[in-house]
Each structure stands twice: as structure tokens, then as C-alpha cells.
Amino acid sequence: MIYTFKVHAPRSEEPLETTHCAHGADVLGHAKSLMEKYPECAGVEVLMLGSRLFFMPPNAAAATAINE
């Protein structure tokens, strides 16, 4: 299976970046690294086979970094 990660722009419908990872990848880690790469983004949407798994807003990535 393939996971799709869409980095949402703050004020645009077009994503800043769209990446893909294979099944077995660290999904949360990849989403967090995209948030670190684009600190100005509105969040990262994670999809599997076209269905939304979750949306990680910017403050959620910061909270996970504090808890580590």
C-alpha cells in the first residue's frame, strides 16, 4: 500500500508538496518531518489509497516534539 502526504499551504488549495511512502514506513515521523520542512504550512494530510487517514495541524507536530 502507498501512503500519500499532502503539505497544505496556508492560503491556497494547491499543496506545497505531495510525497508518497510505501507501506511499513514511519507515517507519523514522515508527516512530522514535512511539518519541520515547511513550518509555515497549514498542516499535513495523510491518505492511504485515496482515503484520508488523518490531518496533522502544525501545533500537533510541535506537541509531539515536546513529548519526545
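Accessible areas here come from the Shrake-Rupley method with a 1.4 Å probe. On that basis, the protein chain of this predicted model exposes about 4,300 Å². Carbon and sulfur atoms supply 57% of that exposed area.

**The chain as a whole**

Let's start with the overall layout. The secondary structure comes to 2 helices and 4 strands, and reading along the sequence gives the pattern β-β-α-β-β-α. The chain has 68 residues, of which 32% are buried. How much of the contact total comes from residues 24 or more positions apart? Among contacts with a separation of 6 or more, such pairs account for 43%.

**Thr4 in strand E1**

A good place to zoom in is Thr4, which lies in strand E1, a run covering residues 2-8. With a relative accessible area of 16%, Thr4 is buried, because buried means under 20%. Which residues does Thr4 touch once its neighbours within four places in sequence are left aside? One group is Thr18, Thr19 and His20, and the list continues with Glu45, Val46 and Leu47. With His20 there is also a polar contact: the side chains of Thr4 and His20 meet at 3.2 Å.

**His30 in helix H1**

Now for a residue in a helix. His30 sits in helix H1, which spans residues 27-37. Is His30 buried or partly exposed? Its relative accessibility is 22%, so His30 counts as partly exposed, given that the buried class ends at 20% and the exposed class begins over 50%. Setting aside residues up to four places away in sequence, His30 touches Phe5, Thr19 and Cys21. Phe5 is 25 residues from His30 along the chain, and the C-alpha atoms of the two are separated by 8.4 Å. Thr19 is worth a second look, since this residue is in contact with Thr4 and is also touched by His30.

**Cysteines and accessibility**

If you are wondering about cysteine pairing, the structure holds 0 disulfides. Cys21, the residue touched by His30, counts as buried at 16% relative accessibility. Cys41 is buried too, with a value of 5%.

Here are the four residues with their accessibility side by side.

| Residue | Relative accessibility | Class |
|---|---|---|
| Thr4 | 16% | buried |
| Cys21 | 16% | buried |
| His30 | 22% | partly exposed |
| Cys41 | 5% | buried |

To pull the local picture together, Thr4 in strand E1 has a polar side-chain contact with His20, while His30 in helix H1 touches Cys21.

Notes. Residues are numbered from 1 along each chain as its sequence is written. This is a predicted model: local features need pLDDT of at least 70, side-chain atom pairs count only at pLDDT 80 or more; totals for chains, interfaces and linings use all residues. Side-chain values use heavy atoms; hydrogens and water are left out. Buried means under 20% relative accessible area, exposed over 50%, partly exposed in between (1.4 Å probe, protein chains only). Contact means heavy atoms within 4.5 Å. A polar contact is a pair of N or O atoms within 3.5 Å; within protein, one must be able to donate a hydrogen and the other to accept it, and residues adjacent in sequence count only if both atoms are side-chain atoms. A disulfide is a pair of cysteine sulfur atoms within 2.5 Å.
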